[in-house]
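This briefing concerns strand order, strand pairing and helix placement in the model shown below. Please consult the sequence and the structure alongside the points that follow.

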Amino acid sequence: MGTRYVGARIARNEDPALLRGRGLFVDDVRLPGMVHAAVLRSPHARARIHGVDTRRARAVPGVLAVYTHADLGRLGAPLPKLIPHPSLIHHKTQCPLASDAVRYVGEPVALVVAESRYLAEDACDLIEVAYEPLPAVASVEEAVRPGSPLVHEDIGTNVCARYTQQTGDVDDAFARAPHRFRERFVVDRGAACPMETRGVVAPWDARTGLLEVWDSTQAPIPIRNGLAAMFGLLQHNVRVVAPDVGGGFGAKIMMFYPEEVLVPWAAMRLGRPVKWIEDRRESMVAMNQEREQIHDAEIAADGDGRILGVRTVFLYDSGAYIPYGLIVPIVASTTLPGPYRVPSYRCEFAAVFTNKTTVSPYRGAGRPHGVFVMERLLDRVARELGLDRAEVRRRNLIQPDQFPYDVGLIYQDNAPLRYDSGNYPLCLERALDLIDYAAWPARKQAARSEGRYVGCGVACYVEGTGIGPYEGCRITVEPSGKVVVATGVGTQGQGHMTSLAQIAADALGVTPRDVSVHTGDTALFNWGTGTFASRAATVAGNAVALAAQAVRERARRVAATLLEAPVEEIELAGGKASVRGVPARAVSLGELAVAANPLRFAMPADWDGPGLEAVRYFTPPQGAFSNGVHACIVEVDPETGMLSFHRYVVVHDCGRVINPTILEGQIHGGVAQGLGGAFWEKLAYDEQAQPLSTTFMDYLLPTAAEVPALEVAHVETPSPLNPLGIKGAGEAGVIPVAAAVAQAIEDALEPFGAHIAEAPLSPSRLRQLIAEGRRTP
């Protein structure tokens, strides 16, 4: 397969429509007779429900229906348990509408359907719910305290799982280590805040028995499968479309949110299309959240700063329910060793229920936690032993000749954690060169002489990507010569319409503009899992490559017959098939498509089907592991606690790069989210688990004024695990940001003795830490 487009910086196919306002998002769907839904949500973090009176709401003109749990019948059962685990003893999921209790602010209690959203919202205000407020569990530490209130009284505990993994003899490593350092690290809650909130539109045709669901989701095929099962329909009779999706970041792959069940169910009951669009305050309490963990971690090292052992015990806040299983804490615990040789390691965690919004993966999905803990421990080693931070990392990095490298743990896909490829030392050196690390001590001293407090931070990471089980692709060449690619993954801004087109174009001898990529529509491709865990390009991309190669070979066979030449002499280029060395003997790809689908005559014995079309699937043997290094220079104003970024550098290795521009866009977006998680974005709750930051006035997203210009460099070590040699990159930008920023802040505030062991920070919190550092002898 001659490469011309893979690796090239070509403009995105999807951008012209989006930039002209011609995208199609769920809220753009307008259907005849469509009505609107609103959800009544609990104002209490924990309460019993003694009754729900809907009479006044039902009496409002224009209100078509008011549904409570009592109306749902068997659909009122708890929603699916997505990822079971033997250690998850209490796998609790919520009901579409609460029955006898609510367990977090924002839990759905009733659904109103009316002729307009305004009427539906007004009717919600008329529903009278008899709540008995109860003491709430507002923190993970409170959840495990004896005598604490119980989120789920029937299980007698707030701990839903305990899990331990170990490699090496950890106790012996710590017993013989000349140096041991212990820290407590706290990573608090954050929200995904996609530009487009969640939304569902569902029309039902009782005559044909067809249910159509437009859903801002990352997993349309699993949603289709689940709805068919719940409603007793054939999967063939349920179409789920995830059109243009304005950001997902993991939070839109819940499978199922209550509204994804309630809206189509209401449409079937009423015989009219029903639309529900989440407003921003709803999104801040009803869309799943992430991040909150508390680690008590310890590192053992020799006198040269080489790691002898690491151990961590941590609490993971699952929120009120745990539908997604233990994925986030398992990823956190297995990411922690990072790119380093850690001969002995033990991780223990307890997953606990609290009366907060449910937690599921959000961009990074536990990786930022693990990296924060490990990088901060290495900083402690360097500081205590008087060693350079970068040198400590150099001495511990896995070397290029050690791949594949067995970490000795079980990863989130229940397979051994084995790094497939990489050049970790090269990434570190490139980042240090770009940030001019060798000159940093002099620059720092010069700034201090001017009364300025500047710091440099460097953090390394490994990113698990490209997990299975599989993805597939259908490629069809139409009589026009245009190529249609259909796959089951959805897209939420990753550039799939371009990167997948580049892969197909290389194989078929056309330009990416000649390739139309369709994602997220179960009517166009029937099998797949979804877009999450930095897997779409790796898994679906290789399925595209396999299907394109199959179509290429079929086209060459048809061309060989038409051109009366051996198959091995047929070449595809410029939208044509020609005989090697005789370019005048050629036939267009469109003509080949017509010839491959004859309307008369008998077919040859070796005929393998009509048209230039192929379906192929790719299943990776294991996940592929990207890696990288972030380095930054920050300035801190100790009087205000404000930060300003002078430089931010990313060196990233995701194997073979499909499109550098798209890749850099992914990294830029990830860094922006990582900066929010490092310094600005915090979901605050009070002592009764009432959310305090439910608007963008209180939950502070970094803006263009705060996000620095980024310098990005690529290292390419192809993965041996797939034909294209690629690895995922969707979460690389966010993973090490908090660790790098914390190190830089601590470096800047060295004269004050401020110690950073938490994220996110804020100006006020940073001023507190400065004051604490001043008081510490």
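In this predicted model, helix α10 (residues 367-385) lies across the strands β8 (179-187), β14 (293-301), β15 (307-319) and β30. The helix α10 runs at about 140° to β8. These strands belong to an open sheet of six strands, and an open sheet of four strands is described after it.

**Six-stranded sheet**
- The strand order is β7-β16-β15-β14-β8-β30, and the pairing is mixed.
- Strands β7 (159-167) and β30 (758-759) form the edges, each pairing on one side only.
- Strands β7 and β16 (residues 345-353) run antiparallel and are joined by eight bridges.
- Glutamine 165 has cysteine 347, in β16, as its bridge partner.

**Four-stranded sheet**
- Mixed pairing is also found here, with the strands in the order β22-β21-β20-β26.
- Because β22 (515-519) and β26 (612-618) stand at the edges with a single partner strand each, one side of each has no neighbour in the sheet.
- From one strand to the next, the twist averages 15°.
- Five bridges pair β21 (residues 483-487) with β22 in the parallel sense.
- Alanine 486 has histidine 518, in β22, as its bridge partner.

**Helices across the four-stranded sheet**
- Helix α14 (residues 496-508) lies across β20 (471-477), β21 and β22, and its direction is at about 135° to β22.
- Helix α15 (residues 536-563) lies across β20, β21 and β26, running at about 150° to β26.

Key. Residues numbered from 1 in each chain as written. Predicted model: local features only at pLDDT ≥ 70, side-chain atom pairs only at ≥ 80, totals over all residues. Heavy atoms only, no water. Pairing = 2+ DSSP bridges. Helix = DSSP H or I, 4+ residues; strand = E, 2+ residues; numbered from the N terminus. Contact = heavy atoms within 4.5 Å. Axes fitted to C-alpha atoms, helices over the stretch in contact; angles between N-to-C directions.
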